[in-house]
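Q: I am new to protein structures and would like a close look at one part of this one. Could you walk me through the nonpolar core and some of the residues around it?

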Amino acid sequence: GVAAALLVLITAVINFTNFMDGLDGLVAGCMTVALAVLSIKLDVPWSIWALVGSLFGFLIWNWCPARVFMGDVGSTFLGAVFAGLVLHAISWPQALSYLLVATPILADACSCVVRRYMDGQIVFKPHRLHLYQRLQQAGWTHSQVSITYITATALLAFAVLTGGLPAVMLTAVAAIIAGFLLDRYVAIPFMVASEG
(Lines give C-alpha, C1' and ligand atoms only; values in the text may rest on other atoms or scores of the structure.)
Protein backbone atom coordinates (compact mmCIF):
# COMPACT_ATOMS: atom_id res chain seq x y z
CA GLY A 1 0.00 0.00 0.00
CA VAL A 2 1.67 3.15 1.30
CA ALA A 3 5.18 1.66 1.23
CA ALA A 4 4.78 0.62 -2.42
CA ALA A 5 3.45 4.07 -3.37
CA LEU A 6 6.39 5.72 -1.58
CA LEU A 7 8.85 3.45 -3.37
CA VAL A 8 7.37 4.39 -6.75
CA LEU A 9 7.37 8.09 -5.84
CA ILE A 10 10.98 8.04 -4.62
CA THR A 11 12.10 6.18 -7.74
CA ALA A 12 10.24 8.70 -9.92
CA VAL A 13 11.83 11.70 -8.16
CA ILE A 14 15.32 10.21 -8.55
CA ASN A 15 14.83 9.34 -12.21
CA PHE A 16 13.06 12.60 -13.09
CA THR A 17 15.94 14.57 -11.59
CA ASN A 18 18.32 12.55 -13.76
CA PHE A 19 16.16 13.11 -16.87
CA MET A 20 16.40 16.88 -16.38
CA ASP A 21 20.20 17.01 -16.25
CA GLY A 22 20.69 17.94 -19.88
CA LEU A 23 21.37 21.68 -19.81
CA ASP A 24 24.17 23.66 -18.18
CA GLY A 25 23.24 24.76 -14.66
CA LEU A 26 19.62 23.57 -14.69
CA VAL A 27 19.57 20.70 -12.19
CA ALA A 28 22.46 22.09 -10.13
CA GLY A 29 20.72 25.45 -9.80
CA CYS A 30 17.25 24.10 -9.02
CA MET A 31 18.60 21.57 -6.53
CA THR A 32 20.78 24.16 -4.79
CA VAL A 33 17.61 26.16 -4.09
CA ALA A 34 15.45 23.14 -3.23
CA LEU A 35 17.95 21.52 -0.87
CA ALA A 36 18.68 24.87 0.79
CA VAL A 37 15.03 25.62 1.57
CA LEU A 38 14.38 22.09 2.86
CA SER A 39 17.49 22.40 5.03
CA ILE A 40 16.09 25.63 6.49
CA LYS A 41 12.74 23.97 7.23
CA LEU A 42 14.18 20.73 8.63
CA ASP A 43 16.70 19.99 11.37
CA VAL A 44 19.35 18.61 9.04
CA PRO A 45 22.89 17.47 9.85
CA TRP A 46 25.81 19.69 8.86
CA SER A 47 26.59 17.32 5.97
CA ILE A 48 23.46 18.47 4.11
CA TRP A 49 24.52 22.10 4.44
CA ALA A 50 27.98 21.06 3.23
CA LEU A 51 26.29 19.51 0.19
CA VAL A 52 24.34 22.72 -0.48
CA GLY A 53 27.56 24.75 -0.26
CA SER A 54 29.49 22.40 -2.52
CA LEU A 55 26.59 22.33 -4.98
CA PHE A 56 26.66 26.13 -5.14
CA GLY A 57 30.40 25.97 -5.86
CA PHE A 58 29.79 23.29 -8.48
CA LEU A 59 27.11 25.47 -10.11
CA ILE A 60 29.69 28.16 -10.84
CA TRP A 61 31.66 25.65 -12.92
CA ASN A 62 28.54 24.00 -14.36
CA TRP A 63 27.09 27.30 -15.64
CA CYS A 64 27.09 27.86 -19.39
CA PRO A 65 29.53 27.21 -20.92
CA ALA A 66 29.92 24.33 -18.45
CA ARG A 67 33.42 23.16 -17.63
CA VAL A 68 32.31 20.45 -15.18
CA PHE A 69 29.35 18.06 -15.42
CA MET A 70 27.65 15.96 -12.73
CA GLY A 71 26.55 13.03 -14.91
CA ASP A 72 24.03 10.36 -13.94
CA VAL A 73 25.75 9.61 -10.63
CA GLY A 74 25.48 13.23 -9.51
CA SER A 75 21.92 13.87 -10.66
CA THR A 76 20.51 10.62 -9.25
CA PHE A 77 22.31 11.31 -5.96
CA LEU A 78 20.73 14.77 -5.75
CA GLY A 79 17.31 13.32 -6.53
CA ALA A 80 17.79 10.74 -3.77
CA VAL A 81 18.90 13.38 -1.22
CA PHE A 82 15.92 15.58 -2.13
CA ALA A 83 13.50 12.64 -1.78
CA GLY A 84 15.12 11.70 1.53
CA LEU A 85 14.64 15.21 2.91
CA VAL A 86 10.99 15.25 1.80
CA LEU A 87 10.50 12.01 3.77
CA HIS A 88 11.72 13.79 6.92
CA ALA A 89 8.59 15.95 6.95
CA ILE A 90 6.46 15.49 10.05
CA SER A 91 3.15 15.30 8.15
CA TRP A 92 1.79 14.45 4.71
CA PRO A 93 0.80 18.09 3.96
CA GLN A 94 4.30 19.24 4.89
CA ALA A 95 5.85 16.50 2.73
CA LEU A 96 3.70 17.59 -0.22
CA SER A 97 4.74 21.22 0.25
CA TYR A 98 8.41 20.19 0.22
CA LEU A 99 7.95 17.98 -2.84
CA LEU A 100 6.24 20.80 -4.74
CA VAL A 101 9.36 22.96 -4.42
CA ALA A 102 10.75 20.86 -7.28
CA THR A 103 7.67 21.39 -9.49
CA PRO A 104 9.66 22.87 -12.44
CA ILE A 105 11.85 19.76 -12.67
CA LEU A 106 9.25 17.15 -11.74
CA ALA A 107 6.37 18.54 -13.82
CA ASP A 108 8.54 18.83 -16.95
CA ALA A 109 9.84 15.26 -16.60
CA CYS A 110 6.47 13.75 -15.64
CA SER A 111 4.52 15.46 -18.42
CA CYS A 112 7.16 14.45 -20.98
CA VAL A 113 6.95 10.77 -19.97
CA VAL A 114 3.14 10.87 -20.19
CA ARG A 115 3.15 12.61 -23.58
CA ARG A 116 5.67 10.18 -25.02
CA TYR A 117 3.67 7.22 -23.70
CA MET A 118 0.42 8.63 -25.14
CA ASP A 119 2.21 9.15 -28.46
CA GLY A 120 3.24 5.48 -28.55
CA GLN A 121 6.93 6.22 -28.08
CA ILE A 122 9.32 3.99 -26.14
CA VAL A 123 9.65 6.06 -22.95
CA PHE A 124 13.10 4.65 -22.09
CA LYS A 125 14.58 5.59 -25.47
CA PRO A 126 16.83 8.72 -25.45
CA HIS A 127 15.15 11.86 -26.73
CA ARG A 128 15.15 15.66 -26.71
CA LEU A 129 11.46 16.28 -25.99
CA HIS A 130 11.47 17.84 -22.52
CA LEU A 131 10.18 21.40 -22.37
CA TYR A 132 13.63 22.66 -21.35
CA GLN A 133 15.15 21.00 -24.41
CA ARG A 134 12.48 22.32 -26.78
CA LEU A 135 12.92 25.85 -25.39
CA GLN A 136 16.63 25.59 -26.15
CA GLN A 137 15.82 24.27 -29.63
CA ALA A 138 13.56 27.30 -30.12
CA GLY A 139 16.52 29.63 -29.61
CA TRP A 140 16.75 30.17 -25.86
CA THR A 141 20.28 29.96 -24.46
CA HIS A 142 21.23 27.45 -21.77
CA SER A 143 21.38 30.33 -19.30
CA GLN A 144 17.91 31.65 -20.19
CA VAL A 145 16.31 28.24 -19.75
CA SER A 146 18.18 27.49 -16.51
CA ILE A 147 17.41 30.91 -15.02
CA THR A 148 13.70 30.41 -15.82
CA TYR A 149 13.61 27.06 -14.01
CA ILE A 150 15.74 28.27 -11.09
CA THR A 151 13.57 31.39 -10.67
CA ALA A 152 10.42 29.26 -10.58
CA THR A 153 12.04 26.97 -8.00
CA ALA A 154 13.06 30.01 -5.92
CA LEU A 155 9.48 31.34 -5.98
CA LEU A 156 8.24 27.96 -4.76
CA ALA A 157 10.91 27.94 -2.05
CA PHE A 158 9.81 31.41 -0.93
CA ALA A 159 6.20 30.20 -0.85
CA VAL A 160 7.18 27.26 1.40
CA LEU A 161 9.06 29.57 3.76
CA THR A 162 6.33 32.19 4.03
CA GLY A 163 2.98 30.50 3.44
CA GLY A 164 3.21 26.74 3.75
CA LEU A 165 1.18 24.30 1.67
CA PRO A 166 -1.57 26.67 0.40
CA ALA A 167 1.00 29.18 -0.87
CA VAL A 168 3.24 26.57 -2.47
CA MET A 169 0.26 24.84 -4.13
CA LEU A 170 -0.87 28.14 -5.64
CA THR A 171 2.68 28.89 -6.81
CA ALA A 172 3.04 25.37 -8.23
CA VAL A 173 -0.18 25.83 -10.24
CA ALA A 174 1.17 29.16 -11.53
CA ALA A 175 4.46 27.46 -12.50
CA ILE A 176 2.60 24.70 -14.35
CA ILE A 177 0.46 27.26 -16.20
CA ALA A 178 3.62 29.19 -17.14
CA GLY A 179 5.14 25.94 -18.39
CA PHE A 180 2.04 25.22 -20.45
CA LEU A 181 2.20 28.68 -22.02
CA LEU A 182 5.90 28.29 -22.80
CA ASP A 183 5.17 24.88 -24.30
CA ARG A 184 2.29 26.24 -26.37
CA TYR A 185 3.70 29.53 -27.62
CA VAL A 186 7.51 29.50 -27.29
CA ALA A 187 9.03 26.02 -27.42
CA ILE A 188 9.45 23.90 -30.53
CA PRO A 189 6.15 21.91 -30.70
CA PHE A 190 6.30 18.44 -29.15
CA MET A 191 5.20 16.69 -32.34
CA VAL A 192 7.70 18.61 -34.48
CA ALA A 193 10.52 17.74 -32.09
CA SER A 194 9.36 14.11 -32.09
CA GLU A 195 9.87 13.94 -35.83
CA GLY A 196 13.35 15.47 -35.68
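A: Here is a walk through the core, followed by a few residues picked out one by one.

A word on the model comes before the tour. This is a predicted model, in which local features need pLDDT of at least 70 and side-chain atom pairs count only at pLDDT 80 or more, while totals for chains, interfaces and linings use all residues. Residues are numbered from 1 along each chain as its sequence is written, and side-chain values use heavy atoms, with hydrogens and water left out.

Let's begin with the core. A nonpolar core is a set of buried Ala, Val, Leu, Ile, Met, Phe, Trp, Tyr and Cys residues joined through side-chain atoms within 4.5 Å. Buried means under 20% relative accessible area, exposed means over 50%, and partly exposed lies in between (1.4 Å probe, protein chains only). The largest such core here has 54 residues, and among those with the most contacts inside it are Leu 26, Met 31 and Phe 82. Elements giving two or more residues to this core include helix 1 (2-19), helix 2 (26-41) and helix 8 (142-185); helices are DSSP runs (H or I, at least four residues), numbered from the N terminus. Helix 2 provides the largest share, 11 residues. In soluble globular proteins, nonpolar side chains tend to be buried together.

Now look at Phe 82. Leaving aside neighbours within four places in sequence, Phe 82 has contacts (heavy atoms within 4.5 Å) with residues including Val 13, Met 31, Ala 34 and Tyr 98. Ala 34 belongs to helix 2 and is buried, at 1% relative accessibility. Besides Phe 82, Ala 34 touches Val 101 and Thr 153, again not counting residues up to four places away. The C-alpha atoms of Ala 34 and Ala 102 are 6.6 Å apart, although 68 residues separate the two along the chain.

Next, turn to helix 1. Phe 16 and Phe 19 both lie there, 3 residues apart, about one turn of the helix. Their ring centres are 6.0 Å apart and their planes meet at 45°, so the pair is tilted. (Rings of Phe, Tyr and Trp, the last by its six-membered ring, pair if their centres lie within 6.5 Å; planes under 30 degrees apart count as stacked, over 60 as edge-to-face and the rest as tilted.) Phe 16 is buried at 15% relative accessibility, whereas Phe 19 is partly exposed at 31%.

Finally, find Ser 143 in helix 8. Ser 143 is buried, with a relative accessible area of 19%.
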